[in-house]
Amino acid sequence: MATQIKTIGVNGIEGYIIDVQVKLINGLSVMNIVGLGDAAVKEARDRIESAFEHLNFKFPKKKIVINLSPSDIKKSGTSFDLPMLIGLLIESAVLNDVGIKIKEFIFIGEIGLTGELQHTRGILPMLIHAKNIGIKNIVLPLKSLEEAKLVKGLNLYAFTQIEDVVNWLEKRQYHRPIVSVEAHHLKIQNTLDFKDVKGQDIILEFVAIAAAGNHNMLLIGPPGCGKSMIAKRMQTILPPMTEQEKLESMAIHSVSGALDKANVIGQRPFRAPHYNASTSAIIGGGATALPGEISLAHNGVLFLDEFPEFARQTLEALRQPLEDQKVTISRVKQSNTYPAHFILIAAMNPCPCGYYGHTSCSCTPYEIKKYRNRISGPIFDRIDIQKFLSPIDMWEAKSMSNTITSENLATKVARARELQTKRFKEHSIHTNSQMEPYHIDKYCQLNSESDQLIKAAFERYAFSARVYNSILKVARTCADLRNSKSIEKEDVILALMARDLDKAKS
């Protein structure tokens, strides 16, 4: 009968139980690892043999078969080293008197050639799944302990060396488990504040709208007018993440190996990839279909500076995630779906040189049109707010005193988000930007005056049907910021004012 040790694999950001089945059979002294493991999994053969020598144990002189069940799911990574080693130690009778009920434990960890247990990616979604299926005892590397403690209610047995694990299993060494408790997400002192943004008070009104309704935003202006300053401060006015949002974001960062202090304390993600980044880096991909920047920005902000400079293929690949708020990365043997619900803040110059309208600008109308056409119409349609920023006189700005602070804006945004939470409590959405036609028909009713205003705008600017829905969503958010149940004419006017670039094209 084969020895079975439980571990956990990760598919996307979802964990699943894997039974590591180890069997010794008569035959040549070889080790076969089956169950659709990748190269990293199969390389465990050498790490396990090295571990036997490190422990001064005799390696079995039989054919070793290790099956990772279920065998029809592609498996990757090095976290299976420890369960395979423990299974082989028990199967080969090196460990005779195991002092625990092995079926009640999950084993996770990579083994180094010096016997040290190494941290592996995806610890957080693994432990979330273990908790969900009722397994509380986890054996893992000490280096993974801080991440593991983010999931409360587990008994964590953290070890540094494999000999410590063996001594504990043989009852020659007592090891006290660490019981994980609810993580305290400490606040950090954020030095960024919208009070530093001077001379752009009108734009900040639309920034509040974008944050309140989770609307995508495009900022168009000359160099130095404050586009990047505004984008980097968007985090400061977004409401705190819920516990569910924190776990989702941390799970994505854990799978990608990018979990850091900002994730642990529950700060909303802010991602700002360079325009030279590949499509796979932005959308996700690689041999194991890892999450990209749009998923790492889940529940936060994705800032794309110099928007037209991104590759056309990359920008077009944003269409589906912006619409569906998730992305599916498919490879030959693997397909992972990652959430991608973020606020897109894009920034661009009004022309190739950046100084459109200034005497120093020598760009021709054709060059300006060609530059702006690098972004396709379908992408523009998916950006609810598009605003031109005016240049700022440095000497005037130095004497300005800005009364609009992040604290003021955050209060307004939080109040509007509360209204949306109550409105959509019976639906599967949370913010106005997520509304489908059904929700728009129900919650975005217009009076006759507002309806005539939108009709006149459509006749003049030839907006698309998607833009019509976008205007209604933004108008609904404007009403929420006023704490109004109904959409009034002033809300529609603000929503129409949010389409600067669309109007400029016409």
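Which strands does helix α7 (residues 201–213) lie across? Select residues 201–213 in this predicted model: helix α7 lies across β11, β18 and β19, and runs at about 165° to β19.

**The whole chain**

Before continuing, display the entire protein chain. Its 506 residues, 52% of which count as buried, are arranged with 23 helices and 19 strands. The C-alpha atoms fill a box of roughly 85 × 45 × 45 Å along the principal axes. Among contacts between residues at least 6 apart in sequence, 74% join residues at least 24 apart. The accessible surface comes to about 23400 Å², and carbon and sulfur atoms account for 51% of that surface.

**The sheet beneath the helix label**

Next, select the strands of the open sheet that contains β11, β18 and β19; the order of its five strands is β12-β15-β18-β11-β19, and the pairing is parallel. Strands β12 (270–271) and β19 (385–388) are at the edges with a single partner strand each, so one side of each has no neighbour in the sheet. Now restrict the selection to β11 (residues 217–220) and β18 (residues 343–348), two parallel strands joined by four bridges. Within this pair, Met 217 has Ile 345 of β18 as its bridge partner.

**Met 217 and the largest core**

Centre the view on Met 217. Leaving aside residues up to four places away in sequence, Met 217 touches Ile 203, Phe 206, Val 207, Ala 210, Leu 344, Ile 345, Ala 346, Ile 383 and Ile 385. Met 217 also belongs to the largest nonpolar core, which has 55 residues; Val 207, Met 217, Ile 230, Met 234 and Ile 345 touch the most other members. Helix α7 supplies the largest share of this core, with nine residues. A second, separate core consists of 40 residues, among them Leu 82, Ile 100, Ile 111 and Val 139. In soluble globular proteins, nonpolar side chains tend to be buried together.

**A polar residue in strand β8**

Finally, select Asn 137, which lies in strand β8 (residues 137–141). Is Asn 137 buried or exposed? Asn 137 counts as buried because its relative accessibility is 13%, under the 20% limit. Show the side chain of Asn 137 to find its polar contact with the side chain of Asn 155, at 3.0 Å. A polar atom of the Asn 137 side chain also lies 3.3 Å from the backbone oxygen of Glu 104. Apart from residues up to four places away in sequence, the residues that Asn 137 touches are Glu 104, Phe 105, Ile 106, Asn 155 and Tyr 157.

How values were computed. Residues are numbered from 1 along each chain as its sequence is written. This is a predicted model: local features need pLDDT of at least 70, side-chain atom pairs count only at pLDDT 80 or more; totals for chains, interfaces and linings use all residues. Side-chain values use heavy atoms; hydrogens and water are left out. Two strands pair if DSSP finds at least two bridges between them. Contact means heavy atoms within 4.5 Å. Axes are lines fitted to C-alpha atoms, for helices over the stretch in contact, and angles run from 0 to 180 degrees between N-to-C directions. A nonpolar core is a set of buried Ala, Val, Leu, Ile, Met, Phe, Trp, Tyr and Cys residues joined through side-chain atoms within 4.5 Å. Buried means under 20% relative accessible area, exposed over 50%, partly exposed in between (1.4 Å probe, protein chains only). A polar contact is a pair of N or O atoms within 3.5 Å; within protein, one must be able to donate a hydrogen and the other to accept it, and residues adjacent in sequence count only if both atoms are side-chain atoms. Accessible areas come from the Shrake-Rupley method with a 1.4 Å probe; for residues, only the protein chains shown count as cover.
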